Amino acid sequence: MLFIVPVLYFFVPQALASCPPLQSETVRVVCWLGERAVDCMKDPVPPGTLARFFCMPGHQLSLPNMPPARFQSRCGSDSAWSMQPFSCQPVTCPPLQLRTVVADCTLAGQPVPCKEQPVSPGTVATFKCKPGHKIKFGYSRDPNFQSQCGTDGLWSEGPFRCEPESSASAATPAPVTCPPLESKTVLAECRFQGRPFDCTARSVPAGTTARFRCKPLHQFLFGYLPASSFESQCGADGQWTVQPFRCEPICGQPTGKGISFIRDGNVTASAADFPWHVVIYDLTKDLQQICGGTLISPKYLVSAAHCFHDGKKMSPEAIYRAGFGKIKRNVSEQEPNEQYRELEKIYIKDYGGSKELYSNDISLVELRDEVDITSTTMPVCVDWGLELPNLRHGELGAVVGFGDTAERAHDSLRFALLPFIKSAECKRHVTDSLAVYNKLPDKFCIGFVNRTTVAKGDSGGGIAFPNEERAWYLRGVVSLGSSQETTYSFFTNLTTFVPWMSGLIQLGESDAPSRGTLQEPRKAINVSAVVRGFFPSDVLAASGLFYNILLLELKQPVHLMPVCLDWTGGALLKKERLGTALSDYETDNSTVWTRLPILNTTSCKQLSSAQPGSHHVCTVQEGPKQLRAHNSLYVFAGSTWFLRGVGSDSVSTPDGTVTAYTDMSDPGVRQWLSKTSDMIGKPTCGNVNLCEPLSAGLSLRGHMPWTVAVVVGSGSGSRTESGMLIQPNAVLTDSAAVVNLSGWNGDGIVPTVSTDSITVLWTAADGSVKRSQVVRVLVRESAEVGKDGRPLLDVALLELRPDQAVLATPICLDLNGNVLQPLATGQLGLVEAWSSWGPTNHSLVSVPFMGPAECSTQLRQSSNRSRESNEFCTSATPGVLDPTAVLGGGFLVSSGSQWYLQGLYTGFARLRHRTVGLASDFRDDALKGWMREELRKIKPVNLKSPDDSGPKNCVGGRPTATECGLFNSKDELQDENDFLYKASRNRMEWNVQVHVYRNNPVWEVRGGVLIRTSMVVTSALNMFSRKSNESSGPGEAIRTSNVLVKYITADGRGPFSVEVRRIHLKERCPGCGPRAEAPPELHYDVALLELSSPVTLMPVCVPKPGWVTAPLNSLTEGLVEVWDDAYSSQRTLVPTLFRTLGACRIAPPVDFLNAEFCTEPTSGATRKTPSVGAAFSVLATGGAGGWFLRGIQGTPWNSTKGGTVPVFYNVDEPGLREWLNEKMQLRTTDGSIGRMFRH
């Protein structure tokens, strides 16, 4: 037997020269040598050291020579740095030079001039109109509008614009009318002389005001988000000031239940689960269901060609009917949401039937009439721009159909998740008769081996795959297969036929246009006033480069397809050597598209005397000088048109006309556009976006700024509920808690409620919890009375002290009835859940609306009461919502750009399998009228609006790959840092439970630690089985079905379970103790579990190989989690001290070469023993970093002191640290590649 051992060579390095330290007051220097960080600002460093320079916070690069933002230098063998640090200067904001607006500026309470010179961060500007002017329409009406100079050199708000008072005088309306406002996708709600007016079916008198919004289940076209209640007026000239914008149906986002991993065909409970599925019926066969299809727009669906073609000829459209919203196969079974449409035209592309191996087996079907978009009839998404990546082997898609088996024909719609199979793998499992189809370019393979598959009757149905944003895209059409020979099936590849389909679909109002189509310019019919312009003066001040561009904010949207910008950094665009520009002939003003070569900066400088900079690209146009190029240069890349440059200057040369364009891929331009876009069109309420789309089963960590806590009473008898901030000094909540404070028994008039013991808790922008006192309580008595004749109370309006008003974004109220719509059964709303108040202790969950009939039934069965006309119900699984905390909270719906309060929770009913929430409906006219009247009585306060950062501001995000080890104490019985010294009722999010089944009646419960959102580390003890052919020795990991990971959410809900997808085992390191003599169960030390889906918890940090971490010693203190009952949510966090095995007196004495250590609780801490697999977490040096994993408990050992001692595997051991980091690089279930966590 041969042994290979490492040979260590020792040598004495020669004395090397060193480079001097890099010292600067305005520049931060970060240095490293190899993988090791070094301090090069104080001490000399050896040759080979790399240094990177950054401006200090509050500073920016100086003019005129701006080096790259991440400048790098190297220490050479000559003891000199290759580059010295650049210089930085303090950040300033540009002066405010305004024609019609006066800006008064202060810094730290002292006046400063800001009209002619730049100002320092922290300067506050207050705007007001100049005498004789007023605020122009479309801007904030707050006369004390303010803006603040930020540390990034940007004003937080752009000033409004003013106009002369005389310009607003209203002209006498002419006796004319405007045409009716008709749209298939937009709702127009009109008022004339203060009263509602139907403006969609008849002519409209001048002076009528119309507000537009998308119809339910529609969204703004192309992602453009105008104001949710965009306004137009019928003018004296008989024209509307603004035409309705266009909306399109929401695609690929079903409102039904979430799609879980089900490998066997499962019955679909609701048509809302797969609202794009279409059922095709044949009239000549007594309306028998023959095929499926997929809806891609209100007018078009996709199916298979063989559904309508027998290989020789195509059947006429008149013999078919298409059914929508169906989950029953039989057409005679009427369903509440079903729709039927006749077929107008069937398009087939070169289909040859069986003789041509069913190639081009796809059909595009045009309906005679559009379908109505409802929760059960919605289109799937289509990748019109061909932007989605190729399908990966094993990627799961959803297939829907009825499917006939040998035993029976199913009557109910079924679905399954089936994997995409790469061609080489498919070839191994199909018979020779089917292998020929595997070679066709328009087919791909789908399915499991000997598992669920598609069958007769499923032809024409689609397979949809989710993209990164969880929208479902149609990627294939069921074509053929043989359930007798294999369970693999072949689907027609939709991507191959997208250009053909887009050419057939006309650009109607209900159909999305295809990208990349250049058209000749037409007469301008979309005209919009400019609200304000943004000039990149901040970029000019920061870099000294002149960006000759201007960003204009429009007063109303224009109905044009926007061009794309490459936000990724220009790598895609820079590959294109030819650009396209629109040019005019000066002689006759005719317009042509011209293709122009794009020159690099060097070639451009050789041809032009303008000396363009590195932020320019140039083109040269040969030919007559009468040809004048427009200001935009486009390139066609990735089947999409991008804006490559904006014209800056043109110079005529002997070689032609050289035009310099500002490069839209320049980092400075992209950074400025990203910041400036946040200042456009800010609403004043509900302006927070979710980081993930609202979908069934959504549960994300996050807190909305308008959710507050209402504390009623004091001491142990106090009660805490939710509340909704509707303006800085007004909060809505449930009336029960505040009324109970008055001792009212339900008889007579509701007494006045004392406000002395009512306070409101809210979260400030810095995450701290603030407290505001209530000065007045208004309780609403419903117009309806209970069965006992007593008045019903629903909501309470709390007025806050003016000097304690809440500086946070409020929720939107629709008091005019222009936004909120009737809810459909199963429609999702957003609810914020929490167990105890704190900024990190909240979750955002999706909750479905419950139909009125079911709501009444559930209320009668659970609480013997009925649903009132101004109430509605929602349904949630047990544990999702804590009724006590959610009472007084809101059921929120989104208008597309803002969140609105649809209902306020006033009651709950706990059932065995779900929790029913009862909410007051804010569509109720009486409730809206009461709110309008009472809000008028509350005196407004003058506060600067919170700084909403627009569309980039989102909450509910999962921990990023660079976030780890963040922990804040939530034990309210201790001070902030007491948990470091004594046991506390705290829980670190990364500490989870691992349940292992070992053929015992009860599952074994052990600890585990989350190192990524989809990876858990635990002890390998009993995580593997011996090989059957060996009497001893290690075996393979146990089955993943025998392992479950359970966790509690950040807001204390749960426990929830997640399955394990794969188990990795690490062998004990060579030489780490007596491995040869150890029993087989100690052959492995650590197990890493890959989860089937990521969890929304904060992982612990893991040191990277090569990092210099503080060595563990007798003074090292860490935290270990213990529990009394493995099935209880109560946890105890115990501070413990590091000890060597010798100090713990392990019996018998062993030497593990520092690969293991033991711990001892600190003085006064509990002596409970942690479970196997528990984590030893240590705070980074200095207390300002994150918590790092330093040990994983393995097998307890006996001690000569008596009892057992918890022994931990040392993560500092190089082999274990490298193994963990190697596994963290694996591709996970969410498709991401692991990155090393840095804090």
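Here are three short exercises on side-chain contacts in this structure, each with a worked solution.

This is a predicted model, in which local features need pLDDT of at least 70 and side-chain atom pairs count only at pLDDT 80 or more, while totals for chains, interfaces and linings use all residues. Residues are numbered from 1 along each chain as its sequence is written, and side-chain values use heavy atoms, with hydrogens and water left out.

**Exercise 1. Salt bridges**

Find what links E338 to K326, and say whether each residue is buried or partly exposed.

*Solution.* Start with the rule: a salt bridge is a side-chain nitrogen of Lys or Arg within 4 Å of a carboxyl oxygen of Asp or Glu. E338 and K326 meet it, at 3.2 Å from N to O. Both residues lie in the loop between β25 (320–324) and β26 (339–348), so this salt bridge ties together parts that are twelve residues apart in sequence. (Strands are DSSP runs of E, at least two residues, and helices are runs of H or I, at least four, numbered from the N terminus.)

Next, check the accessibility. Buried means under 20% relative accessible area, exposed over 50%, and partly exposed in between, with a 1.4 Å probe and protein chains only. E338 is partly exposed at 22%, whereas K326 is buried at 2%.

**Exercise 2. A bridge between strands**

Work out which strands are tied together by the salt bridge of R644 and D663.

*Solution.* First, the distance: the two side chains come to 2.5 Å, N to O. Then the places: R644 lies in strand β41 (residues 640–653) and D663 in strand β42 (residues 656–663), so the pair ties together parts that are 19 residues apart in sequence. Last, the surroundings: R644 and D663 are both buried. For the wider picture, the count for the model comes to 28 salt bridges, and R321, E342, E344 and R368 are linked in a network of them.

**Exercise 3. Aromatic pairs**

Classify the ring pairs F192 with F197 and Y997 with W1003.

*Solution.* Rings of Phe, Tyr and Trp (its six-membered ring) pair if their centres lie within 6.5 Å; planes under 30 degrees apart count as stacked, over 60 as edge-to-face and the rest as tilted. The count comes to 18 aromatic pairs. F192 and F197 are edge-to-face, with 6.2 Å centre to centre and 65° between the planes. F192 is partly exposed at 23%, and F197 is buried at 18%.

Now the other pair: Y997 and W1003 are tilted, at 5.5 Å and 40°. Y997 is partly exposed at 30%, as is W1003 at 29%.
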